[in-house]
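Work through the exercises below with the sequence and the 3D structure in view. Each task is followed by a solution in steps.

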Amino acid sequence: MADPVVASHLSLVLKAHPTISSPSQFLLQQHSKPMASSLNSAASLRLFASSSSSSSAAARLSLRSTSLSFSSSLKSLAFSTLSRHKRGSAVSVSSTGGFSSVASPKCAASDPDQLKSAREDIKELLKSKFCHPILVRLGWHDAGTYNKNIEEWPRRGGANGSLRFEVELKHAANAGLVNALNLLQHIKDKYSGVTYADLFQLASATAIEEAGGPKIPMKYGRVDVSRPNECPEEGRLPGK
């Protein structure tokens, strides 16, 4: 029976490595030599056990020792991998509106307190400007350029704050979204610890909630592109 602690930590490892499809693939990629050594040792012990019946009890004891050692190595590997990825942590907001830190690769966490305050400011903006639809559209158009077939960031597009640059705002599909950006700019200036990418999605989700829609459990920690030449080319938004 599999060690439940090992299984739990391997599950967390896989979430931190979305390109890894299974525990065996991860171990083969990261620790091929130590794993090969362990397997060779196990094979040698099985051969020894089959060739010497008088030593079967000792062989079984050695095999159990090898198994326990291998289990311990898996636990160490899981904790080591999680520790490396905690350097880039994301922030999530639950359906109740609370913010918390979660591990996620390739992300720069927005400040949880600033996210919470920015959310309240967005609510006040919505009450005074009734701009719910255009904020939802802003969040969708910043995220909708994502291409799952492109692995390289930021070339693959997605919610990365690129829509703040004039070159992308001039795309035909983004006509009028400069008004949404202008509505949010004073909030961005006030909360420098929140990325544009997170702010756009926070505004979109909050607009839906304040219009009577469901509370949306969001994860925050998106990275902003830094230059206009990192914007996606025109035509990346899905057609009607």
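**Exercise 1.** Find the angle and the axis distance at which helix 8 and helix 9 pack, and classify the pair.

Solution. Step 1: the model is predicted, so local features need pLDDT of at least 70 and side-chain atom pairs count only at pLDDT 80 or more, while totals for chains, interfaces and linings use all residues. Residues are numbered from 1 along each chain as its sequence is written, and side-chain values use heavy atoms, leaving out hydrogens and water.

Step 2: the axes of helix 8 and helix 9 lie 11 Å apart, at an angle of about 120°. Axes are lines fitted to C-alpha atoms, for helices over the stretch in contact, with angles from 0 to 180 degrees between N-to-C directions. Helices (H or I, at least four residues) and strands (E, at least two) are DSSP runs, numbered from the N terminus.

Step 3: helix 8 and helix 9 are therefore oblique to each other. Angles under 35 degrees count as roughly parallel, over 145 as roughly antiparallel, 65 to 115 as roughly perpendicular and the rest as oblique.

Step 4: helix 8 and helix 9 cross in a right-handed way. A crossing is right-handed if the near helix is turned clockwise from the far one by less than a right angle, and left-handed if anticlockwise.

Step 5: in helix 8, the residues Leu181, Leu184, Gln185, Ile187 and Lys188 meet Tyr196, Leu199, Phe200 and Ala203 of helix 9. Contact means heavy atoms within 4.5 Å.

**Exercise 2.** Compare the expected span of helix 8 with the distance between its end C-alpha atoms, then list its buried residues.

Solution. Step 1: helix 8 covers residues 177-190, so its 14 residues should span 20 Å at 1.5 Å a residue; the end C-alpha atoms are 21 Å apart, which agrees. The expected span is 1.5 Å times one less than the number of residues.

Step 2: at Leu184, helix 8 bends by about 40°. The bend is the angle between axes fitted to the seven residues ending at a residue and the seven starting there.

Step 3: Leu177, Ala180, Leu181, Leu184, Ile187 and Lys188 are the buried residues of helix 8. Buried means under 20% relative accessible area, exposed over 50%, partly exposed in between (1.4 Å probe, protein chains only).

Step 4: these buried residues pack against helix 5 (112-129), helix 6 (132-143), helix 7 (166-169) and helix 9 (196-210).

**Exercise 3.** How many residues of helix 9 are buried, and what does Asp198 touch?

Solution. Step 1: helix 9 is mostly covered, with 13 of its 15 residues buried.

Step 2: Asp198 is located in helix 9 and counts as buried at 0% relative accessibility.

Step 3: leaving out residues up to four places away in sequence, Asp198 touches Ser110, Leu115, Tyr220, Gly221 and Arg222.

Step 4: Gly212, with a positive phi near 100°, follows helix 9.

**Exercise 4.** Describe how helix 6 and helix 9 cross.

Solution. Step 1: the axes of helix 6 and helix 9 come within 8 Å and cross at roughly 140°. That makes helix 6 oblique to helix 9.

Step 2: the crossing of helix 6 and helix 9 is left-handed.

**Exercise 5.** Is Phe130 buried or exposed?

Solution. Step 1: Phe130 sits in the loop between helix 5 and helix 6.

Step 2: with a relative accessible area of 64%, Phe130 is exposed.
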